[in-house]
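Colleague: I have the file open and a few questions for you. Can we start at one odd spot and work outwards?

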Amino acid sequence: AEGLFDISRKRPIPELVHRIGVITSSEGAVIHDFKNNLGKFGFKVFLANSRVEGQAALKDLHAALKAMRKQDIQVLVIIRGGGSLESLQAFNNEILVREVVNFPVPVIAGIGHDKDVPLLALVADRMTSTPTAAAHVLNQSWEEAYAKIHHFAYLLKRMHEEFARIRIDLDISWSSMIDHT
């Protein structure tokens, strides 16, 4: 009824992000998968280590969100691997969900897999099914920028070649005009 799940309230992920806050366990495979799938675009990753399993994770997740509010980040990513509905319960906590809704920068949630979707993922500005997919979202605008740069470099090279050809033609024309006078 409050519209927390409405698409209209979701903020876009900024383009060319380079300061990323990440909340997840520093000991699991998730953070390694995420970092391994981030492109080589000079990302600065600020990690808030948190338990992400079951109700015991609630206190850690709350503390991690509070700590991330103090970081100079452009986007926050909350990630964990798949799990049973019971192991994802912390991500269904109303207080945590409201903190994500009111977080000062856009939030990407890569929690679990498509089978079970916690409330926190539904209120995030962008929901992905895996931590790897969250990394790909962050890479996307950089990859598009690099593609545009390569395209414009190609166009500039072609223009340079065309101008060089025109200059040769003008030089020949100029020489023939001088020879006829």
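## Going through the model

Colleague: Where is Leu16 found?

Modeller: Leu16 is found in the segment before β1, the strand of residues 19–24. Bear in mind that this is a predicted model.

Colleague: What is the phi of Leu16?

Modeller: The phi of Leu16 is near 55°, a positive value in a residue that is not glycine. Most residues other than glycine have a negative phi.

Colleague: And is Leu16 buried, partly exposed or exposed?

Modeller: Partly exposed, because its relative accessibility is 35%, and that class runs between the 20% and 50% cut-offs.

Colleague: What about Glu15, where is its place and how exposed or buried is it?

Modeller: Glu15 is also in the segment before β1. Its relative accessibility is 62%, so Glu15 counts as exposed. As for distance, the C-alpha atoms of Glu15 and Ile95 are separated by 29 Å, with the two positions 80 residues apart along the chain.

Colleague: On to pockets. What volume does the largest pocket have?

Modeller: About 170 Å³.

Colleague: Which residues line the largest pocket?

Modeller: Glu15 turns up again there, in a lining that also includes Pro12, Ile13, Pro14 and Val17. Arg126, Val137, Leu138, Gln140, Ser141 and Glu144 are in the lining as well. By class, the lining has 6 nonpolar, 2 polar and 3 charged residues.

Colleague: Which helix gives the largest share of that lining?

Modeller: Helix α5, residues 131–180, contributes 5 residues, the largest share.

Colleague: Now the strands. How are the residues of β1 placed, buried or exposed?

Modeller: All 6 of the 6 residues of β1 are buried, so this strand is largely enclosed by the rest of the structure. Both faces are covered, with Arg19, Gly21 and Ile23 on one side and Ile20, Val22 and Thr24 on the other.

Colleague: Which strand does β1 pair with over 6 bridges?

Modeller: That is β2, residues 44–49, and the pairing is parallel. Within it, Ile20 has Val45 of β2 as its bridge partner. β1 is also joined to β3 by 4 bridges, and those two run parallel too. There Ile20 stands opposite Val75 of β3.

Colleague: What is the situation of β3, then, enclosed or open?

Modeller: Enclosed for the most part, because 6 of the 6 residues of β3, residues 75–80, are buried. Val75, Val77 and Ile79 point one way from the strand, while Leu76, Ile78 and Arg80 point the other way.

Colleague: How many bridges join β3 to β4?

Modeller: There are 5 bridges between β3 and β4, residues 107–111, and the two strands run parallel. Ile79 has Gly110 as its bridge partner in β4, and Arg80 has Ile111.

Colleague: And β4, mostly covered or uncovered?

Modeller: β4 is mostly covered, with 5 of its 5 residues buried. Val107, Ala109 and Ile111 point one way and Ile108 and Gly110 the other. β4 then pairs with β5, residues 126–128, in the parallel sense over 3 bridges. One of the contacts is Ile108 with its bridge partner Arg126 in β5. Arg126 is also among the residues lining the largest pocket.

Colleague: Switching to helices. Which residues of α1 are buried?

Modeller: In α1, residues 29–37, the buried ones are Val30, Ile31 and Phe34. Seen down the helix axis, these fall within an arc of 95°, so they line one face of α1. Ala29 and Asn36 are exposed and sit on the face turned away from that buried side.

Colleague: Two loop residues, last. Where does Gln71 lie?

Modeller: Gln71 lies in the loop between α2, residues 57–68, and β3. Gln71 is partly exposed, with a relative accessible area of 36%. From Gln71 to Phe46 is 7.9 Å, C-alpha to C-alpha, although they are 25 residues apart in sequence.

Colleague: And where is the place of Gln89?

Modeller: Gln89 is in the loop between β3 and α3, residues 94–101. Its relative accessible area is 28%, which makes Gln89 partly exposed. Gln89 and Glu53 are 36 residues apart in sequence and 8.1 Å apart in space, C-alpha to C-alpha.

Colleague: Which elements have the lowest and highest mean pLDDT?

Modeller: α5 has the lowest mean, 88, and β1 the highest, 96. The protein averages a pLDDT of 89, and 94% of the residues score at least 70.

Conventions:
Residues are numbered from 1 along each chain as its sequence is written. This is a predicted model: local features need pLDDT of at least 70, side-chain atom pairs count only at pLDDT 80 or more; totals for chains, interfaces and linings use all residues. Side-chain values use heavy atoms; hydrogens and water are left out. Buried means under 20% relative accessible area, exposed over 50%, partly exposed in between (1.4 Å probe, protein chains only). The arc is that of the directions from the helix axis to the C-beta atoms. On a 1 Å grid over the protein atoms alone, a cavity is a set of points where a 1.4 Å probe fits but cannot get out, and a pocket is an open set with protein on both sides within 12 Å along at least five of seven lines; lining residues have an atom within 4 Å of a point. Grid points are joined across faces, edges and corners, and a volume is the space filled by probe spheres set on the points. Ala, Val, Leu, Ile, Met, Phe, Trp, Tyr, Cys and Pro count as nonpolar, Asp, Glu, Lys and Arg as charged, and the others, Gly among them, as polar. Two strands pair if DSSP finds at least two bridges between them. pLDDT is the predictor's confidence in each residue, from 0 to 100.
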